Amino acid sequence: MRLHAHSLASLFRHPFARLAPHLCALLGATVAMFCLPAHAQFMFRGDASHGGVSQSNAPRQFHRVKWTFPTGQRVVSSPSWYDGMIIFGSDDGNVYAVDAATGRQRWMQRTEGPVSSTPAVVDGRVFVVSYDGRLYALNARNGEVLWKFATEGERRFEARGLHGLQPRSQTYADMYDVFLSSPLVVDGTVFFGSGDENLYAVDAASGNLKWKFHTGDVVHASPAYADGIVYVGSWDGRLYAVDAKRGQQRWVFQGGVDELIHNQQGFQSSPAVAGGVVFSGCRDAHVYALDARTGEQKWNVATGGSWVVSSPAIADGRVYFATSDSALYQVVEAATGKRLQEQQTKAYVFSSPTIAGDVVLVGVLNGTLQARDKASGALLWEFQTDASRANRGWVLTADRRFNNPLLFPSSWRESAALGAERQMTVGSFFSTPLVMKGVIYVGSADGNLYALE
């Protein structure tokens, strides 16, 4: 039986439309305090290849909430680390730096829009994208703005009759296009995508434009890098390989296109590169493995109509990812795509898995963070937000699945957007967990950054 890409889409399609590590140790003790630790996560998904593997182990048992830091809006941004600080963005428009040990604020910098991207912290600078259409470079010590680079403007993916919404002639912005592209920094250049449909390369020191590469739609996936090539997907349903120096296309891979309701299309998942292969999920309900040099497809895994927004993690010859509607945590063989594990998470997964020792951390939109055994996929423990426990308005059923008949009673006008907003009131985890020194740091749609151990 074919499952649909998102329960929202399922509702509409069935009854209504029938549709770096840095080398600090080598610099000596006198300057080590100014360097990132060797195991620091200083970009989205850890490093330029975005493999999603932490060099710190996550606990196999949950002990306590070490601290909680509140912001003024949901936290979609994933945290990064710098010199004992956790740096992240909030949809309240601020970039925060908090003490990793105590949760006390070190500094805060205001932007003019929600900060739904993950900061990259390189050479004492924080690079982050805001919905105000700007890339910011901040001093990592105090948050001072060093420079700003303006794009042609941000927007969400939109289409007529999106997901079967009515009236069909109306253009709708996608309520699940929640992430902004997270900056990638390589050899003094910052790469990031934008809602203006471009991939940008900007000089990290000055903020001057080096080049921009135009795609066919919004670029909110985060670029990955390997061997002189930048890889990024677009909502046009294509994944691009672009020369990092010149901004010229090396190859392009075409994923699925849904011309009717634009539901089964778009690379919202960010690619990961390992062993000469690019791995990425797609909203066309597949995970793809592509030759990094040529773009030739090596294999694909079909997910029964369910979106793959989660970005894959790669370790030990395996690919770890999760799905939306079918709510499945899955592990496949990196060489062949053969399924090795499949576990039920109960609700959609947009957060990307973090592999931390023999534990895989998975954030779920029902307000739970799951810790799974890497070898078997078995659930070790889970943390549930207070908002998820409270379950105001009966957003969740008794087994913590979304109560979709209540949330999405109609496909008309604003009903779907209101339902999606209600889903997030349970403290959904869009943020990808960061693990440092055995402590897990992760943001929630309840507006908090959590430190768990």
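**Notes on the predicted model: cavity, pocket and strands**

1. Starting inside: 21 residues line the largest cavity, and those nearest its centre are Phe44, Phe179, Ser222, Ser270 and Ser311. This is a predicted model, so keep that in mind for everything below. The volume of the largest cavity comes to about 150 Å³. Sorted by class, its lining has 14 polar and seven nonpolar residues, with no charged ones.

2. Next, the open space. The largest pocket holds about 320 Å³. Its lining is made up of 16 residues, and Arg74, Asp91, Val178, Glu421 and Met424 sit nearest the centre. What classes make up the lining of this largest pocket? Eight residues are nonpolar, five are charged and three are polar.

3. Now for a single residue, Phe149, which you'll find in strand β10 (residues 145-150). Is Phe149 buried or exposed? With a relative accessible area of 10%, Phe149 counts as buried, because the cut-off for that label is under 20%. Setting aside neighbours within four places in sequence, Phe149 is in contact with Gly133, Arg134 and Leu135, with Phe192, Tyr200 and Val202, and with Gly207 and Leu209. Asn208 is worth a look too: 59 residues separate Phe149 and Asn208 in sequence, yet their C-alpha atoms are 7.5 Å apart in space.

4. On to a hairpin, formed by β19 and β20 with five residues between them. Strand β19 covers residues 238-243 and strand β20 residues 249-254; the two pair in the antiparallel sense, over five bridges. If you want a spot to check the register, Tyr240 stands opposite Val252 in β20. In the turn, Gly247 has a positive phi of about 75°.

5. Last, an open sheet of four strands, running in the order β25-β26-β27-β28 with antiparallel pairing. Which strands stand at the edges? They are β25 (313-315) and β28 (339-344); each has a single partner strand, so one side of each has no neighbour in the sheet. From one strand to the next, the twist averages 15°. As a general reminder, strands of a sheet pair through backbone hydrogen bonds, in either a parallel or an antiparallel way.

6. A closer look at one edge of that sheet: β25 pairs with strand β26 (residues 318-322) over three bridges, in the antiparallel sense. Here Ala313 stands opposite Tyr320 in β26.

Notes:
Residues are numbered from 1 along each chain as its sequence is written. This is a predicted model: local features need pLDDT of at least 70, side-chain atom pairs count only at pLDDT 80 or more; totals for chains, interfaces and linings use all residues. Side-chain values use heavy atoms; hydrogens and water are left out. Two strands pair if DSSP finds at least two bridges between them. Buried means under 20% relative accessible area, exposed over 50%, partly exposed in between (1.4 Å probe, protein chains only). Contact means heavy atoms within 4.5 Å. Axes are lines fitted to C-alpha atoms, for helices over the stretch in contact, and angles run from 0 to 180 degrees between N-to-C directions. On a 1 Å grid over the protein atoms alone, a cavity is a set of points where a 1.4 Å probe fits but cannot get out, and a pocket is an open set with protein on both sides within 12 Å along at least five of seven lines; lining residues have an atom within 4 Å of a point. Grid points are joined across faces, edges and corners, and a volume is the space filled by probe spheres set on the points. Ala, Val, Leu, Ile, Met, Phe, Trp, Tyr, Cys and Pro count as nonpolar, Asp, Glu, Lys and Arg as charged, and the others, Gly among them, as polar.
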